[in-house]
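Subject: Structure handover

Hello,

I am passing a structure on to you, together with notes on what was found in it. Please look at the sequence and the model first, then read on.

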Amino acid sequence: MEYYASLEHEDKELKSVGLELMFLTPEKYSAEDGISAVELSKRVNLPLEVVKKKLNILKEKNIAIVKGINPKLWTFDQYNFQRLPEDDEIFLLLCSFDDVDFDKYFSY
């Protein structure tokens with residue numbers, strides 16, 4: 001659990017990338033198979049290299065799916081996310097909604 005506390009403290013970028021990917025709908029990305037790291041980088045306002053690192057962390061947890069080679073297209077795997085243990089640090093990070101502005105992801 002110590003890792004989660006430090007992850008929560010230092011990794012707002014991972015949370016931002018993870019939530020953006022989680023709430024993306026097919027209408028919001030230009031390619032049929034997902035969103036490119038470049039597009040995602042612009043949406044979350046983070047440098048491309050940071051976004052790529054965070055996507056790879058999510059991929060290692062099997063909650064980000066990548067298709068293609070150039071460009072790689074990313075989607076969120078809701079099924080695998082729901083199968084993560086409830087005490088998993090990534091699960092806890094992405095389920096901590098205290099400081100999340102949902103208006104950013106949804107239009108009413």
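In these notes a helix is a DSSP run of H or I with at least four residues, a strand is a run of E with at least two, and both are numbered from the N terminus. By this rule, the loop between H3 and H4 is where Asn45 lies. The model is a predicted one.

Confidence

The chain has a mean pLDDT of 86, with 88% of its residues at 70 or more. Residues 1-8 are an exception to keep in mind, as their pLDDT is below 50. Beyond near neighbours in sequence, this stretch makes 14 contacts in the model. Where pLDDT is low, the predicted coordinates should not be read in detail.

Overall layout

There are six helices and three strands in the chain. Along the sequence they follow the pattern α-α-β-α-α-β-β-α-α. The chain has 108 residues, of which 41% are buried. Of the contacts with a separation of 6 or more, 60% are between residues 24 or more positions apart.

The nonpolar core and H2

The largest nonpolar core has 28 residues, and Leu21, Leu58 and Leu94 touch the most other members. At least two residues each come from H2, helix H3 (37-44), helix H4 (48-60), strand S3 (73-76) and helix H6 (89-95). H2 gives the most, with six residues.

How enclosed is H2 by the rest of the structure? Of its 12 residues, 10 are buried, so H2 is largely enclosed. The buried residues of H2 run through Leu14, Lys15, Ser16, Val17, Gly18, Leu19, Glu20, Leu21, Met22 and Phe23. The length of H2 (residues 12-23) also agrees with expectation: at 1.5 Å a residue it should span 16 Å, and its end C-alpha atoms are 16 Å apart.

Leu94 has contacts with several residues of H2, including Leu14, Lys15, Gly18, Leu19 and Met22, when residues up to four places away in sequence are not counted. On the same count, Leu94 also touches Leu58, Ile63, Phe76 and Phe81.

H4

H4 has 13 residues, which at 1.5 Å a residue should span 18 Å; the end C-alpha atoms are 18 Å apart, in agreement. Which residues of H4 are buried? They are Val51, Lys54, Leu55 and Leu58. These residues lie on the same side of H4, because they cover an arc of only 105° around the axis. Exposed residues Lys53 and Glu60 are carried on the face of H4 turned away from its buried side. The cover over the buried residues of H4 includes H2, H3, strand S2 (64-67), S3 and H6.

Aromatic residues

Phe76, Phe81 and Phe91 make up one aromatic cluster. The count of aromatic pairs comes to two.

Backbone features

Most residues other than glycine have a negative phi, and most peptide bonds are trans. Three places depart from this.

- Asn45 is not a glycine, yet its phi is positive, about 60°. Its relative accessibility is 70%, so Asn45 counts as exposed.
- Asn62 follows H4 and lies in the loop between H4 and S2. Asn62 is also a residue other than glycine with a positive phi, in this case near 65°. With a relative accessible area of 47%, Asn62 is partly exposed.
- The peptide bond from Asn70 to Pro71 is cis, and its omega is near 0°. Pro71 belongs to the loop between S2 and S3.

One residue to set beside Asn62 is Gln78, in helix H5 (residues 78-82). How far apart are Gln78 and Asn62 in sequence and in space? In sequence they are separated by 16 residues, and in space by 9.8 Å, C-alpha to C-alpha. Gln78 counts as partly exposed, at 34% relative accessibility.

If you open the model to check these notes, H2 and Leu94 are a reasonable place to begin: H2 supplies six residues to the core, and Leu94 is one of the residues that touch the most other members.

Regards

How values were computed:
Residues are numbered from 1 along each chain as its sequence is written. This is a predicted model: local features need pLDDT of at least 70, side-chain atom pairs count only at pLDDT 80 or more; totals for chains, interfaces and linings use all residues. Side-chain values use heavy atoms; hydrogens and water are left out. The expected span of a helix is 1.5 Å times one less than its number of residues. Buried means under 20% relative accessible area, exposed over 50%, partly exposed in between (1.4 Å probe, protein chains only). pLDDT is the predictor's confidence in each residue, from 0 to 100. Contact means heavy atoms within 4.5 Å. A nonpolar core is a set of buried Ala, Val, Leu, Ile, Met, Phe, Trp, Tyr and Cys residues joined through side-chain atoms within 4.5 Å. The arc is that of the directions from the helix axis to the C-beta atoms. Rings of Phe, Tyr and Trp (its six-membered ring) pair if their centres lie within 6.5 Å; planes under 30 degrees apart count as stacked, over 60 as edge-to-face and the rest as tilted.
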